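Work through the exercises below with the sequence and coordinates open. Each task is followed by a stepwise solution.

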Amino acid sequence: MIMPTRRRFGTTIAALALVVGLASGCTAGDWRYDAPPAAGVQQDAGPLKARNVMVLADGEGEGLLLGSVFTTQAVELTEVGVAAEQQDGSFAEPVLVKAEGDVPVNGSLLFGGKESRIEGADLQEGLLANVFMRFSDGTTMEVEAPVMSSTHSDYAEAWDKAQG
């Protein structure tokens, strides 16, 4: 039996759509089931993108800023401040962090070394920290980042590296 031309055309289009859908990567790919989800927060401000911003804290209220900033335009990070959330939900006065530097075109600036240590902020695990960033082009970002334990197995190595 020969199909009419219109039906043959419809069947061909449906088969083509099925092949394209299966080959598009929707069901295949490089998915890593063992990769943990990002623990930090994200924010965009024009060409600047803050990614996975979070704070580690020890039992004495000292901390470490983690995360990164990406940009499509050369800019300098000129100021970083961190204010700890208090038990009543308010935020303390910000403490300046030395995590400043150039962010190159299509490049990044990573937080996490000795310059990202936060001293005197009275950070408390399980609360938030208000992280404020100012850039040389006048752009500012402010995120409320989670405060995680410095002894957590996912972050202990970063904490030890910044302390040593």
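**Exercise 1.** Find the bridge partner of Gly 67 in E7, then describe how E3 pairs with other strands.

Solution. In E7, Gly 67 has Phe 111 as its bridge partner. E3 and E7 are antiparallel, with five bridges between them; strands (E) are DSSP runs of at least two residues, numbered from the N terminus, and two strands pair if DSSP finds at least two bridges between them. The model is predicted: local features need pLDDT of at least 70, side-chain atom pairs count only at pLDDT 80 or more, and totals for chains, interfaces and linings use all residues. Residues are numbered from 1 along each chain as its sequence is written, and side-chain values use heavy atoms, without hydrogens and water.

Next, take E8 (residues 117-118): E3 pairs with E8 antiparallel over two bridges, and Gly 63 has Ile 118 as its partner there.

Last, E2 and E3 run antiparallel and are joined by eight bridges. Lys 49 lies opposite Phe 70 in E3. Five residues separate the two strands in this hairpin, where Gly 61 has a positive phi near 90 degrees.

**Exercise 2.** Is E3 mostly covered or uncovered?

Solution. E3 is mostly covered, as eight of its nine residues are buried (under 20% relative accessible area, 1.4 Å probe, protein chains only).

**Exercise 3.** Which residues touch the most other members of the largest nonpolar core?

Solution. A nonpolar core joins buried Ala, Val, Leu, Ile, Met, Phe, Trp, Tyr and Cys residues through side-chain atoms within 4.5 Å. The largest has 30 residues, and Leu 123, Val 131 and Met 133 touch the most other members. A second, separate core has seven residues, including Leu 56 and Trp 159.

Conventions:
Buried < 20%, exposed > 50% of the residue type's maximum accessible area, 1.4 Å probe, protein only. Helix = DSSP H or I, 4+ residues; strand = E, 2+ residues; numbered from the N terminus.
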